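User: Please take a close look at one part of this model, the open sheet and what packs around it. Then set that part against the rest of the fold.

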Amino acid sequence: MTAYLILENGRVFQGEFFGAAGEAVGEVVFTTGMTGYLETITDPGYHGQIILQSFPLIGNYGVIPADLEKDSISAKAYICKYPCQEPSNYRNEGDLDTFFMSKGIVGVKGIDTRALAKLIRDNGVMNAKITSQPPTEADRVQAAAYKIEAAIPAVSCKEVKTYGSGNLHVALLDFGMKDSLVKSLMARGCKVSVFPHDASPNMIMSMRPDGIMLSSGPGDPADPTNQVIIDNLKELIKLDIPMFGVCMGHLLLARAKGFETTKMKFGHHGSNQPVKDLKTGRVYISSQNHGYAAVAAREDCYFVNVNDGSCEGMDYGRSFSVQFQPEGRSGPTDTAFLFDKFVENMKEARNA
């Protein structure tokens, strides 16, 4: 069945449906990963967005349930040039077409993904509508009017749940976390209690955590619905308890510390983003998924992006945060040592 992608600027791309055929409206973002598509598809950080894979062949190792970040999909739709119809891998349990159909997710194949990615790179992120009907001006207007709002409340957990039984207890605030974040902490001997995004400082501290983890997540950190989070973080900061923020956690912590955030032209999405540690001068390759950045002078930054110089991390002493994903799922594990840094900070604070 023919699928039409109508951008808010009026440009139309034509392809074919796979997965669930139907309509979808969202913000189109391109990701540059050659692999890791399963982790990308199930990352809650893509809530409200249409994922565009810039690498042409996707799905060659199939669907592997153990690699999924969540059982559900928060993205509005998925676009790739050539979805593999006959995946081959000893862990494979299905193909993307069947997987998307079971989840009710719209997939589009066969469009000129290179041209679409270049268009977004040159002009910035744009909204789009996917439909099976020939495009009209009403479709363009609908796409242009779309806005992602209250994203974190939509993907956060609703109640506290504890994992593991380690010696160090971490309170993890769920802003749209990936399951690999919990697994990374548990692998380092941590017990992890996952809290809803708006959990109060009293609720969190009643469980006597050794440290607080601020997860990744979708949307604009300056969204009014996030103000309760920022206010809670301001109170937690006063306690001088070790914190570690990643992605959205980094941005919300930055705002709680008095920094502003801004929307980027097309953001960083993919598993090949170079970041520089300004303390050591070493460059790491990182996995990223974000469309906003903290506004900070270079001397305030812990890491910066080598490509565009944007702030990729801040160090506040016992607390620190990074814009990238150190757990490395869907990408490299170059920066996994940051979890060890967090563990050491918690041990030092306990023994102080």
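Analyst: What follows starts with the open sheet, moves to its helices, and ends with the other strands and the cores.

The model is predicted.

Start with the sheet itself. It is open and built from ten strands. Their order is β10-β12-β11-β13-β14-β19-β18-β17-β15-β16. The pairing is mixed. Which strands stand at the edges? They are β10 (161-163) and β16 (283-295). Each has a single partner strand, so one side of each is left without a neighbour in the sheet. On average, neighbouring strands are turned by 20° against each other, direction ignored.

Now one pair within that order. Strand β15 covers residues 260-277, and strand β17 covers residues 303-305. The two pair in the antiparallel sense over three bridges. Lys276 has Val304 in β17 as its bridge partner.

β15 also holds His268. Is His268 buried or exposed? Its relative accessibility is 4%, so His268 counts as buried; the cut-off is under 20%. Contacts of His268, leaving aside neighbours within four places in sequence, include Gln273, Gln288, Asn289 and His290. Asn305, Asp308, Ser310 and Glu312 are also in contact with His268. Ala293 is 25 residues from His268 in sequence. The C-alpha atoms of His268 and Ala293 are 9.7 Å apart.

Next, the helices. Helix α8 (residues 227-237) lies across three strands: β11 (168-173), β13 (211-214) and β14 (243-246). It runs at about 150° to β14. α8 also meets helix α9 (residues 248-256). Their axes come within 9 Å and cross at roughly 70°. Angles of 65 to 115 degrees count as roughly perpendicular, and α8 and α9 are therefore roughly perpendicular to each other. From α8, the contact uses Ile229, Ile230, Leu233, Lys234 and Ile237. From α9, it uses Leu252, Leu253, Arg255 and Ala256. By class, that is seven nonpolar, no polar and two charged residues.

Helix α6 (residues 179-186) has its own buried set: Ser180, Leu181, Val182, Ser184 and Leu185. What covers these residues? The cover includes strands β10, β11, β12 (190-195), β13 and β14, along with helix α10 (337-351).

Now the other strands, beginning with β1. Strand β1 spans residues 2-7, and five of its six residues are buried, so it is largely enclosed by the rest of the structure. β1 pairs with strand β2 (residues 12-19) in the antiparallel sense, over five bridges. In this pairing, Ile6 stands opposite Val12 in β2. The hairpin of β1 and β2 has four residues between the strands. There, Gly10 takes a positive phi near 95°. β1 also pairs with strand β9 (residues 126-131). That pair is antiparallel too, with four bridges. The bridge partner of Tyr4 is Thr131 in β9.

Last, the cores. The largest nonpolar core has 43 residues. Tyr78, Leu96, Phe100 and Leu116 have the most contacts inside it. Leu116 touches Leu5, Leu7, Phe13, Leu52, Ile79 and Ile111, not counting residues up to four places away in sequence. A second, separate core has 28 residues, among them Ile204, Ile212, Leu253 and Phe259. Leu253 also appears in the contact of α8 with α9.

Definitions and conventions. Residues are numbered from 1 along each chain as its sequence is written. This is a predicted model: local features need pLDDT of at least 70, side-chain atom pairs count only at pLDDT 80 or more; totals for chains, interfaces and linings use all residues. Side-chain values use heavy atoms; hydrogens and water are left out. A nonpolar core is a set of buried Ala, Val, Leu, Ile, Met, Phe, Trp, Tyr and Cys residues joined through side-chain atoms within 4.5 Å. Buried means under 20% relative accessible area, exposed over 50%, partly exposed in between (1.4 Å probe, protein chains only). Contact means heavy atoms within 4.5 Å. Two strands pair if DSSP finds at least two bridges between them. Axes are lines fitted to C-alpha atoms, for helices over the stretch in contact, and angles run from 0 to 180 degrees between N-to-C directions. Angles under 35 degrees count as roughly parallel, over 145 as roughly antiparallel, 65 to 115 as roughly perpendicular and the rest as oblique. Ala, Val, Leu, Ile, Met, Phe, Trp, Tyr, Cys and Pro count as nonpolar, Asp, Glu, Lys and Arg as charged, and the others, Gly among them, as polar.
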